[in-house]
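Student: I would like a close look at a single part of this protein, the metal site. Please take it slowly and then show how that part sits in the rest of the chain.

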Amino acid sequence: MRLYLGIETSCDDTSCAIYSPEEGVVAYRTAAQLDHAKYGGVVPEIASRTHMKTLLPVYETVMEEASVGPGDLAGIGVTNGPGLTGSLLVGLSFAKALAYGSGIPLAGIHHIEGHILANAIDGPMETPAIALVVSGGHTQLFSVERPGRYGFLGGTRDDAAGEAFDKIGKILGLPYPGGPSIENAARGGNAAAFDFPRAMRNSGECDFSFSGLKTAVRLKVEELGALSSQVVADVAASAQEAIVDALALKSVMAVEKTGTSRFYIAGGVAANGRLREVIRERVGNAGAEVSWPPIGYCTDNAAMIACASWYHLSAGRGDGLDLNTFPRGELVSWA
Ligand code: KG4
Ligand code: ZN
């Protein structure tokens, strides 16, 4: 059985996983950093320091769970960007030391490719496909010719969808991160209570904009004054609907423009049940079958990075010890 270790420390989750192409995920642990909640967002310095404390125990736990030592690994995959530099450096330095010390092949993985390939954890993706990547830092539509070959179809002009969820959560005084908090609050709310904007609706392109929505919600909340829990639920449901509607609209457009019959959702916002429901229905009606990763592998996790490293290394693409991190950068094809 070939075993690949994945390491993901691009933001505030310290994650390690062992993946086998034959067996799937063999061991997986993520230590979430809870300190950030009290600041209402990720504090980069705290994130990198916490990775330094947590990464070794998380690594040791998955190795123990899988009953393996470094010599049993066929490869190591590590997220080397985009993300917070201090956080990425902790994972990358650890991965390089392990690769060097044990003579294991190393592959740097683009975080967004990791999210897309989370859809391949439980079996190969059906391609050609379209992938909607919706996370805290990204909102993009890609064509996926096959793992390793991607085409950019469109993206956000300003805020990412997850960022919009987080900022609107903050405006409503809900716990961080805003995405799951808004989804929870929205369950008791009326999604038609407020008519929030769907920007770029008529742009004719597969692009998005969420900063106007965030401002519209802030102005509405200021106008409403003291908020009852019912009004919070109504604003949450209406804002969630606006985000989901905008994402669905351009997803349908991407399917219609390209004539693709397979569609994958990826990234932390894919954990949103309303998004999955609406995309499945509307993109389904446009002729594409829709799926998403197992819910635990939607938000940041090392299983997707381990899986991606198998694609890279088995195709002969790896990296040397001069591999560096990058804070920003588009996903480029390598296959
Ligand atoms: O992919 P991810 O874990 O980290 C990044 O790469 O950014 O995505 C995190 C984002 C956050 O903005 C969070 O609020 C959002 O995903 N998110 C959700 C849900 N769960 C996480 N957004 C909406 N509904 C959810 N259930
Ligand atoms: Zn992510």
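Student: Which residues are the protein donors of the zinc ion (ligand 2)?

Tutor: The model is a predicted one, and what follows should be read with that in mind. In this model the zinc ion (ligand 2) has the protein donors His-111, His-115 and Asp-300, which lie 2.0 Å from the ion. Each histidine donates through its NE2 atom, and Asp-300 through OD.

Along the sequence these donors are spaced H-x3-H-x184-D. His-115 and Asp-300 are 185 residues apart, so the pair is a link between distant parts of the chain. His-115 belongs to helix α3, residues 111–117, while Asp-300 is in the loop between β10 (289–291) and α9 (302–314). Both His-115 and Asp-300 are buried.

Now place the site among the domains. The chain is divided into domain 1, made of residues 4–118 + 297–314, and domain 2, made of residues 127–292. Their C-alpha centres are 27 Å apart. At the boundary, 14 residues of domain 1 are in contact with 17 residues of domain 2. The size of an interface is often given as the accessible area lost when the parts come together. Here the two domains bury about 1,200 Å² between them, and 76% of that is on carbon and sulfur atoms. Ile-112, Ile-116 and Cys-298 supply 43% of the area that domain 1 buries against domain 2, more than any other three residues.

Next, the strands at the start of the chain. Strand β1 (residues 4–8) runs antiparallel to β2, and five bridges join them. In this pairing Leu-5 stands opposite Ile-18 of β2. The connection from β1 to β2 is a hairpin of four residues. On to the next strand: β2 pairs with β3 (residues 24–32), again in the antiparallel sense, over eight bridges. There Thr-14 has Ala-31 in β3 as its bridge partner, and a hairpin through three residues joins β2 to β3.

Strand β2 (residues 13–20) has eight of its eight residues buried, so β2 is largely enclosed by the rest of the structure. In a regular strand the side chains alternate between the two faces of the sheet. In β2, Asp-13, Ser-15, Ala-17 and Tyr-19 are on one side, and Thr-14, Cys-16, Ile-18 and Ser-20 are on the other. Residues on both sides are buried, and both faces of β2 are covered.

There is also an open sheet of five strands, in the order β8-β7-β6-β9-β10 and with mixed pairing. Its edge strands are β8 (149–155) and β10, each of which pairs on one side only. The twist from one strand to the next averages 25°. Within this sheet, β6 (residues 129–134) and β7 (residues 139–146) pair in the antiparallel sense over six bridges, and Leu-132 stands opposite Leu-141 in β7. Helix α7 (residues 229–258) lies across β6, β7, β8 and β9 (262–266), and runs at about 160° to β6. Strand β10 brings us back to the metal, as the loop that holds Asp-300 lies between β10 and α9.

A few backbone details remain. Most residues other than glycine have a negative phi, and most peptide bonds are trans. The bond from Thr-127 to Pro-128 is cis, with omega near 0°, and Pro-128 is in the loop between α3 and β6. Helix α3 is the helix that holds His-115. Another cis bond runs from Tyr-176 to Pro-177, with omega near -5°. Pro-177 lies in the loop between α4 (161–171) and α5 (178–186).

As for phi, Ser-67 is not a glycine, yet its phi is positive, about 55°. Ser-67 is found in the loop between α1 (44–65) and β4 (75–81). Its relative accessibility is 65%, so Ser-67 counts as exposed. Met-200 is not a glycine either, and has a positive phi of about 65°. Met-200 sits in the loop between α5 and α6 (211–224). At 22% relative accessibility, Met-200 counts as partly exposed.

Note on methods. Residues numbered from 1 in each chain as written. Chains lettered and ligands numbered in written order. Predicted model: local features only at pLDDT ≥ 70, side-chain atom pairs only at ≥ 80, totals over all residues. Heavy atoms only, no water. Donors = N, O, S within 2.8 Å, 3.2 Å for Na, K, Ca; no water. Helix = DSSP H or I, 4+ residues; strand = E, 2+ residues; numbered from the N terminus. Buried < 20%, exposed > 50% of the residue type's maximum accessible area, 1.4 Å probe, protein only. Pairing = 2+ DSSP bridges. Axes fitted to C-alpha atoms, helices over the stretch in contact; angles between N-to-C directions. Contact = heavy atoms within 4.5 Å. Domains from an automatic or database assignment. Buried area = accessible area lost by both parts, 1.4 Å probe.
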